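Here's a quick briefing to read with the model open next to you. Have a look at the chain first, then we'll go through it topic by topic.

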Amino acid sequence: MTMNPKLSKCPTCGSRKLKLVHSDYSTRVQGRAVVVPDLERQECPNCGEVLFDCAAMERLDALRTRKRPASHASR
Ligand SMILES: [Zn+2]
């Protein structure tokens, strides 16, 4: 995973066939599977590298840093 603005070339393998993908993205946050709906990113069909733009990075960061609300056992 690499943080970058939109690229025309894969920073990992140099392929120019980066593909803009706009769909649900599943990842893991602290060991838990999380799906980010409708996340735009670029994927390299050659080496499988996934590149996120700033907006996408922010959404992923928000998931990573989201704290669970302290639950007062209100049941
Ligand atoms: Zn690549």
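Let's start with contacts: if you take the chain's contacts between residues at least 6 apart in sequence, 48% of them join residues at least 24 apart. Keep in mind that this is a predicted model. Burial is the other number for the chain as a whole: of its 75 residues, 12% count as buried.

**Overall layout**
- You'll find one helix and four strands in the chain.
- Walk along the sequence and the pattern reads β-β-β-β-α.

**The β2–β3 hairpin**
- Strand β2 covers residues 19-29, and β3 covers residues 32-43; the two pair in the antiparallel sense, over ten bridges.
- Want one pair to click on? Y25 has V36, in β3, as its bridge partner.
- Two residues sit between the strands of this hairpin, and Q30 takes a positive phi near 50 degrees there.
- How many of the eleven residues of β2 are buried? Just one, so to speak a hardly covered strand.
- As background, side chains in a regular strand alternate between the two faces of the sheet.

**The helix**
- Helix α1 takes up residues 54-65, which is twelve residues.
- Its length checks out: at 1.5 Å a residue α1 should span 16 Å, and its end C-alpha atoms are indeed 16 Å apart.
- Helix α1 is hardly covered too, with a buried count of one among its twelve residues.
- In general, an α-helix has 3.6 residues a turn, so residues three or four places apart point the same way.

Methods:
Residues numbered from 1 in each chain as written. Predicted model: local features only at pLDDT ≥ 70, side-chain atom pairs only at ≥ 80, totals over all residues. Buried ≥ 20, exposed ≤ 12 C-beta atoms within 10 Å, placed from the backbone. Pairing = 2+ DSSP bridges. Contact = placed C-beta atoms within 7 Å. Expected span 1.5 Å × (residues − 1).
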